[in-house]
Each structure stands twice: as C-alpha cells, then as structure tokens.
Amino acid sequence: MRYTHAAAAGLDVHKMQVTATVRTHAGREVPLVETREFSALASGLFLLVQWLPGLRAGGAVMEATGVYWEKVYDILSHAGLDVMVVNAQHVKQIKGHIADSVWLSRICQFGLASPSLVLQKFFLDLRGLSRYRRALIEQQARS
C-alpha cells in the first residue's frame with residue numbers, strides 16, 4: 001500500500017479526554033506508533049496542538065460521534081493542521097480489535113477514509129439556535 005502521509009494522527013475524542021496516536025513511517029518495515037492522552041479542556045487541547053506538529057503529523061482523522069469533536073476540530077484546523085472528520089459507522093465496519101486512535105491513524109496514513117461534510121461555523125451556530133428554538137417550543141407546548 002502507498003502512504004498518503006509519512007506521519008498521521010488518529011484522534012479518539014471523548015467528553016473529557018482525547019486519545020491521540022501518531023503513526024510514523026520512517027522508511028522502516030515497522031512504523032513507530034506513539035499514543036498519548038490529553039484533557040478535552042482548553043489546556044489539554046493546547047498541548048495536543050503542540051504535540052502533533054512536533055511529531056510532524058501531516059494529517060489527522062477523528063470520528064464524528066456526538067458533539068465533542070467540534071471543539072477539537074476547530075482548534076486543530078485553526079492551528080493549520082489537516083483534520084478530517086469521518087463517519088464512525090464507515091470506519092467501524094472494517095475495524096479489528098485495536099484501539100480506536102490506532103486504527104484511525106492507520107486509516108489516515110493510508111488515505112482509506114472519505115471525509116464527512118463539516119459545515120462552516122455560521123451554519124453550525126444557526127443549526128444550534130434552531131434546535132434550541134424547537135426545544136423551547138416543545139417545552140411550552142407541554143405546559
């Protein structure tokens with residue numbers, strides 16, 4: 001297989017932590033794999049933004065589950081990293097028994113995933129506002 005990125009990151013994003021794995025192919029048969037956990041708070045994400053370029057990660061892949069990925073995506077893309085959000089069902093169908101972040105780093109390194117559509121910030125805010133409005137209307141109708 002051909003490598004898309006010499007070094008690629010896989011991010012497993014949860015509510016309070018982000019597990020990041022960087023897989024580096026340095027012309028060896030066995031790639032170097034390094035995994036670290038970061039807090040999902042601003043201080044932890046700041047450390048993540050510093051750690052990924054230090055390992056020369058050319059791209060990063062994360063699953064789009066829930067809303068937790070949005071903050072991580074914003075911070076990494078503003079830092080200039082090539083971040084791809086993928087549908088969790090598409091990558092889980094071919095997954096073995098390894099950690100999510102390790103599997104996502106492999107997918108990123110070989111370019112095996114297709115990106116999901118990530119809306120611009122304006123549309124994300126508009127969608128959140130319309131969902132909040134609908135919730136208020138439903139709550140008022142129940143009263």
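In this predicted model, helix 1 and helix 2 cross with a right-handed sense. Residues from both helices build the contact: helix 1 brings Leu45, Leu48, Val49 and Leu52, while helix 2 brings Lys71, Val72, Ile75 and Leu76. Sorted by class, this contact of helix 1 with helix 2 holds 7 nonpolar residues, 1 charged residue and no polar ones.

The geometry of the pair can be described as well. The two helices, helix 1 and helix 2, pack with their axes 10 Å apart and at an angle of about 45 degrees. Because of that angle, helix 1 counts as oblique to helix 2.

It helps to look next at the nonpolar core. The largest nonpolar core has 24 residues, and those touching the most other members are Leu11, Val18, Leu48, Leu52, Met62, Val72 and Leu76. Two or more residues of this core come from each of strand 1 (7-13), strand 2 (17-24), helix 1 (42-54), strand 4 (59-63), helix 2 (68-78) and strand 5 (83-86). Helix 1 is the element that gives the most, with 5 residues.

Leu52 offers a handy place to start exploring. Leaving aside residues up to four places away in sequence, Leu52 touches Ala9, Val22, Ala57, Leu76 and Leu81. Leu52 also belongs to the contact of helix 1 with helix 2, as does Leu76. Separate from the largest core, a second core is made up of 6 residues, among them Val61, Val86, Leu104 and Ala113.

Methods:
Residues are numbered from 1 along each chain as its sequence is written. This is a predicted model: local features need pLDDT of at least 70, side-chain atom pairs count only at pLDDT 80 or more; totals for chains, interfaces and linings use all residues. Side-chain values use heavy atoms; hydrogens and water are left out. A nonpolar core is a set of buried Ala, Val, Leu, Ile, Met, Phe, Trp, Tyr and Cys residues joined through side-chain atoms within 4.5 Å. Buried means under 20% relative accessible area, exposed over 50%, partly exposed in between (1.4 Å probe, protein chains only). Helices (H or I, at least four residues) and strands (E, at least two) are DSSP runs, numbered from the N terminus. Contact means heavy atoms within 4.5 Å. Axes are lines fitted to C-alpha atoms, for helices over the stretch in contact, and angles run from 0 to 180 degrees between N-to-C directions. Angles under 35 degrees count as roughly parallel, over 145 as roughly antiparallel, 65 to 115 as roughly perpendicular and the rest as oblique. A crossing is left-handed if the near helix is turned anticlockwise from the far one by less than a right angle, and right-handed if clockwise. Ala, Val, Leu, Ile, Met, Phe, Trp, Tyr, Cys and Pro count as nonpolar, Asp, Glu, Lys and Arg as charged, and the others, Gly among them, as polar.
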